[in-house]
Amino acid sequence: MNLEKVIFGFFILLAATLNFGFVYGDIDNPLHHNQWEFFAALVVNIIATVLKFGDRTHVGAIHLATSLVAFIQLVAAALVWFFAETDAAGLLSERAMSEIVSLAAGALLANIVSVTILIVETTLQRR
Amino acid sequence: MGTGVLFLGLRHLRAPIIMMVAIFALGVAGLVLIPGADASGAAWHMNFTQALYFMSYTATTIGFGEIPYAFTDTQRLWVTAMIFASVLGWAYLVGSLLQLARDEAFRSVLTEAAFTRRIRSIREPFYLVCGFGETGFLVGRSLDRMHRRFVIIDIDPSRVLELNLLDLVQDAPGLCADARLPVHLREAGLTKPECMGVLALTNDDQVNLAVAMAVRLLNPGTPVLARAMSREVAANMASFGTDHIINPFTRFGSHLALALAAPANHRLISWLTALPGSDFELHQAPPRGHWVVCGYGRFGRAVVAALRDQGLDVSVNDPGERPIDGLRTFVGMGTEAEPLLAAGIRESVGIVAGTDDDITNLSIVVTARELHAGLFTVVRQNLQANNALFEAFDADITMVSSEIVANECIAVLKTPYLAEFLALARSQDAAWANRALERLGMVVGTRVPEIWSVSLSADRSPALHGVLAAGRAVELNTLTRSPADRNLRLPVLALGLARNGQLRAFPDDEELLAPGDELLFAGTARAQQEQSQTLRNVKVCDYVLTGVDAPASWVGQKLSVAVRAAAAGKP
């Protein structure tokens, strides 16, 4: 029972699930996308990226690449959120929301690739 | 490799980075959740980015202030907790970063990566020198003066650091690694096409052997100059075709034998191989008679063999008990008077102190001189550091093995035909040698001459080669005329002419030159520079050949043709 593998897998999967949870729902409805979930997804993605540093294998390099992609997409989404205009009730406009969610959806794709690699790597281990 | 090192470094910083991320996340979450109060007291929430900004300048201890409104008590409570957590986390991160930068293993990876990059970027011909001890240092310095680049590998880090302190004209990268391992030789550029030669000059014969073998297999065309202290290793190296093997002990032995057998030849050779520009000191030739040799190691063996070859009688002083066949051996080190007296120092003409400890050697010769004042002393100096002592003692012959190896290397690298010429000089008779000494003396007086080779090829001597290629007859004396006034001769002497790989010593003045010839010259450095003008500058070449200062410009040439035609037209 390898604790390091447990933590590694936990954070990768958590990043993907939080990301998915944020993105799910109508793309332009701000009521369907929670700001806190976005925040959590960003933080956990950063942690997952940091965990992937320094692995010299080819698989490790691809893992790191996917995490960096997800991270960049989420940071872009955060910037869009920061500069977006809000209406009277404090909700984002539909346009801004859809921009944010599309970027987050891109990050989701990268996270799914990362999870797939993790699964494939695990099944190939056979131990 | 560079980015690999970066990510390796980041791996070590995972724990502090994750801790900072977690603390920041917690802080930002708290700041967003806890309501603040704006100027009028109404509830106001920070957004995420503002909270991130606040956490940033708090964690890094910059502390701009509570923006945009003063904080409520609850907010301040939270911020207090966050200050301690985040500042400590920040300190931990920075501390880990610094520790990583100081980590020995990390730094050695960085330096090796930097070294490999430097080597890869070398685009000019260079030599690979393995071993930067005294010999490597002498060779490196001479190579630098010859404006050739070199790369060093040495296993001792302090010697590689010394490279930075040296006053070199060209940049010489140094790698601290074991030269035995082919991976390091590769890193140092062995397989690059720009590598012109490899010098294996470490003080370990096995390493030199490994280097010679590696070059033979990895880059077969590259010449190798290797030092071998023992005959077995030298034979081993010769068996797979190492280009130059220098055994300082046998080399010295043959020098000594030559000095005894043919003193004129020996003087000629020493004169040509001494340090250029210095005054050549005429040493007295070693006398024939009974010799005492102290120390029967590799050096002692070589010397005894040389002396006995010349038919001289030898007794040996050695601390070991074993009897040596055919020799009278006396137990004891010649540092005390007794073993020396037993070996017959009072009746001898010369003594050789050949142990591997400098102080022992000096002690032997000092004791010997006290017992017999006019003794011819040959002493072995192991370390350059003891130069002052050996110079003060001023033995008749001081053998410094690192200098012997270094001089040989430089001679081979600098002028390819010099080694052949010296071999020729060794085999000639005394009359030839004396004539050569006379001619050399007329040219350079008592100073040691510079030796250089002139290659009559298109890239090295463009002007003269052009003239030769056009079919004009050029005599050798063209190269000895001064470009300032062709009736004056430069202080140079043509030692040899090599055509089709065959070297002939002392060619005649009237000898016709052909394209592709190589000439070996001896003379002053100034004369070399003036001679090179004849080789490269078309105008100077023309003047030296014809004596007429032809005009260089197009107009001048047209005018001069017209003038000549007019002069011929009216007789």
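**Exercise 1. Locate B:Thr61 and describe its backbone and exposure.**

Solution. B:Thr61 lies in the loop of chain B between helix H3 (48–59) and helix H4 (73–102). The model is a predicted one. Next, take the backbone: phi of B:Thr61 is near 60°, a positive value in a residue other than glycine. Last, take the accessibility: B:Thr61 counts as exposed because its relative accessibility is 54%, and the cut-off for exposed is over 50%.

**Exercise 2. Do the same for B:Phe506: is this residue buried or exposed?**

Solution. B:Phe506 sits in the loop between E17 and E18 of chain B. Its phi is positive, about 45°, although B:Phe506 is not a glycine. The relative accessibility of B:Phe506 is 13%, so the residue counts as buried; the limit for buried is under 20%.

**Exercise 3. Describe the setting of B:Trp271, from its helix to its contacts.**

Solution.

Step 1, the element. B:Trp271 belongs to helix H12 (residues 263–273) of chain B.

Step 2, the exposure. With a relative accessible area of 7%, B:Trp271 is buried.

Step 3, the contacts. Leaving out residues up to four places away in sequence, B:Trp271 touches B:Phe280, B:Leu437, B:Leu440, B:Gly441, B:Val444, B:Gly445, B:Thr446, B:Arg447, B:Val448 and B:Pro449.

Step 4, one of these pairs in sequence and space. B:Trp271 and B:Leu437 are separated by 166 residues in sequence, while their C-alpha atoms are 9.0 Å apart.

**Exercise 4. Determine how H12(B) is placed against helix H19 (residues 430–444) of chain B, and what else its buried residues pack against.**

Solution.

Step 1, the axes. The axes of H12(B) and H19 of chain B come within 8 Å and cross at roughly 35°. The crossing is left-handed.

Step 2, the residues that meet. From H12(B) the contact takes in B:Ala264, B:Asn265, B:Arg267, B:Leu268, B:Trp271 and B:Leu272. On the side of H19(B) the residues met include B:Trp432, B:Leu437, B:Leu440 and B:Val444.

Step 3, the spacing. Residues three or four places apart in an α-helix point the same way, because there are 3.6 residues a turn.

Step 4, the buried set. In H12(B) the buried residues are B:Ala264, B:Asn265, B:His266, B:Leu268, B:Ile269, B:Trp271 and B:Leu272. They pack against helix H11 (248–261), helix H18 (418–427), H19, strand E15 (450–455) and E16 of chain B.

**Exercise 5. How many salt bridges are there over all chains, and what are the settings of the pairs B:Asp178 with B:Arg180, B:Arg489 with B:Asp509, and B:Arg499 with B:Asp517?**

Solution.

Step 1, the count. There are 14 salt bridges over all chains. Side chains of opposite charge can pair when their charged atoms come close.

Step 2, B:Asp178 and B:Arg180. The closest N and O atoms of this salt bridge are 3.6 Å apart. B:Asp178 is partly exposed at 21% relative accessible area, and B:Arg180 is partly exposed at 38%.

Step 3, B:Arg489 and B:Asp509. Here the closest N and O atoms are 3.4 Å apart. The pair links distant parts of the chain, 20 residues apart: B:Arg489 is in the loop between helix H20 (462–469) and strand E16 (492–499) of chain B, and B:Asp509 is in the loop between strand E17 (502–505) and strand E18 (518–523) of chain B. B:Arg489 is partly exposed, with a relative accessible area of 42%; B:Asp509 is partly exposed at 32%.

Step 4, B:Arg499 and B:Asp517. The closest N and O atoms of this salt bridge are 2.8 Å apart. B:Arg499 in strand E16 is linked to B:Asp517 in the loop between E17 and E18 of chain B, 18 residues away. B:Arg499 is partly exposed at 28% relative accessible area, whereas B:Asp517 is buried at 1%.

Step 5, the network. B:Arg118, B:Glu124, B:Arg149 and B:Asp171 are joined into one network by salt bridges that share partners.

**Exercise 6. Summarise chain A, then describe the surface patch that contains A:Leu3.**

Solution.

Step 1, the elements. Chain A has four helices and zero strands, in the order α-α-α-α from the N terminus.

Step 2, burial and contacts. Of the 127 residues in chain A, 41% are buried. Among contacts between residues at least 6 apart in sequence, 66% join residues at least 24 apart.

Step 3, the surface. The accessible surface of chain A is about 7,200 Å², and 68% of this belongs to carbon and sulfur atoms.

Step 4, the patch. A:Met1, A:Leu3, A:Val6 and A:Ile7 form a nonpolar surface patch with about 470 Å² of accessible area together. A:Leu3 is in helix H1 (residues 3–23) of chain A and is exposed at 58% relative accessibility.

Conventions. Residues numbered from 1 in each chain as written. Chains lettered and ligands numbered in written order. Predicted model: local features only at pLDDT ≥ 70, side-chain atom pairs only at ≥ 80, totals over all residues. Heavy atoms only, no water. Helix = DSSP H or I, 4+ residues; strand = E, 2+ residues; numbered from the N terminus. Buried < 20%, exposed > 50% of the residue type's maximum accessible area, 1.4 Å probe, protein only. Contact = heavy atoms within 4.5 Å. Patch = residues over 30% accessible without salt bridge, like charges linked within 9 Å, V, L, I, M, F, W, Y side chains within 5 Å. Areas by Shrake-Rupley, 256 points an atom, 1.4 Å probe, with all protein chains shown as cover. Salt bridge = Lys/Arg side-chain N within 4 Å of Asp/Glu carboxyl O. Axes fitted to C-alpha atoms, helices over the stretch in contact; angles between N-to-C directions. Left-handed = near helix turned anticlockwise from the far one by under 90°.
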